[in-house]
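Here's a quick briefing to read with the model open beside you. We'll go through charge pairs, the overall fold, a pocket and a surface patch.

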Amino acid sequence: SGQNCIYPCEAIKVAIVEGYRATISMLDQELRMTADLGVGHCPVDSTCPTPQFQAMYSNSTLEDMIKDYRGDIITTKDLLVNLAETSVGGAMVEVEDFFCHMNVTFIEGRYTQVQSHICQTLFGGVSQITWSLWILGLALETIAVLSHVLILRVGSKAEREDSFSLLDGDRIFR
């Protein structure tokens, strides 16, 4: 019992203690999972399901929830079978018969073609024409303003006065 002593069994002792703790932890986890699943019998000294499961999901075990779900599915199936015997069920049978015996896939193809022609071709052409007219209008306005500036710069003084008098409303024509 001094410093820097090597004890060969120390590692084995630590491994055994850690293995025991892991085994106890896994056994506890197994018992909790068994209690939450509800399969078989409830483990001794536990509630089925565990309080953690009840807080997060439901007060019923997983097995009980599956049994309830099975009952709901059977009830839904029975309601659907009973629905087929009513007038609504008769209409459902007729609609199913229509879908099974009618091949109307050509309607979908024609609809796609009409949609393509109207939405892409026609509206695309109309929008191109509209944008072209806007650009043309802007170009014409720009040309008119530049023409007026050039007339004022290049023309004589009398012509400038005439053009300004047109703007004032003295004369309508030159």
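A salt bridge here means a side-chain nitrogen of Lys or Arg within 4 Å of a carboxyl oxygen of Asp or Glu. Keep in mind that this is a predicted model. With that cut-off, the structure holds two salt bridges, and the chain around them has six helices and zero strands.

**Salt bridges**

- Side chains of opposite charge can pair when their charged atoms come close.
- D28 and R32 are one such pair, with their side chains meeting at 3.2 Å, N to O.
- Both sit in helix α1, and because they are four residues apart, about one helical turn separates them.
- Neither end is hidden away: D28 is partly exposed at 39% relative accessible area, and R32 is partly exposed too, at 37%.
- K67 and E63 make a salt bridge as well, at 3.7 Å from N to O.
- Helix α3 (residues 62-83) carries both K67 and E63, four residues apart, or about one turn of the helix.
- K67 counts as exposed, since its relative accessibility is 52% and the exposed class starts over 50%.
- Its partner E63 comes in at 28%, so E63 is partly exposed.

**Overall layout**

- Reading from the N terminus, the elements go α-α-α-α-α-α.
- Of the 174 residues in the chain, 8% are buried.

**The largest pocket**

- How much space lies in the largest pocket? About 150 Å³.
- Its lining is made up of Q29, R32, M33, D36, L37, T50, Q52, F53, M56, Y57 and L62.
- Two elements give two or more residues each to that lining: α1 (10-37) and α2 (51-56).
- The largest share, five residues, comes from α1.
- By type, the lining splits into six nonpolar, three polar and two charged residues.
- R32 turns up twice in this briefing: it lines the pocket and also pairs with D28 in a salt bridge.

**A nonpolar surface patch**

- Which residues form a nonpolar patch on the surface? They are V114, I118, L122, F123 and V126.
- Together these side chains' residues have about 450 Å² of accessible area.
- One of them, I118, belongs to helix α5 (residues 105-154).
- I118 counts as partly exposed because its relative accessibility is 40%, which falls between the buried limit of under 20% and the exposed limit of over 50%.

Methods
Residues are numbered from 1 along each chain as its sequence is written. This is a predicted model: local features need pLDDT of at least 70, side-chain atom pairs count only at pLDDT 80 or more; totals for chains, interfaces and linings use all residues. Side-chain values use heavy atoms; hydrogens and water are left out. On a 1 Å grid over the protein atoms alone, a cavity is a set of points where a 1.4 Å probe fits but cannot get out, and a pocket is an open set with protein on both sides within 12 Å along at least five of seven lines; lining residues have an atom within 4 Å of a point. Grid points are joined across faces, edges and corners, and a volume is the space filled by probe spheres set on the points. Ala, Val, Leu, Ile, Met, Phe, Trp, Tyr, Cys and Pro count as nonpolar, Asp, Glu, Lys and Arg as charged, and the others, Gly among them, as polar. Patches are made of residues with over 30% relative accessible area and no salt bridge: like charges are joined within 9 Å, nonpolar side chains (Val, Leu, Ile, Met, Phe, Trp, Tyr) within 5 Å. Accessible areas come from the Shrake-Rupley method with a 1.4 Å probe; for residues, only the protein chains shown count as cover. Buried means under 20% relative accessible area, exposed over 50%, partly exposed in between (1.4 Å probe, protein chains only).
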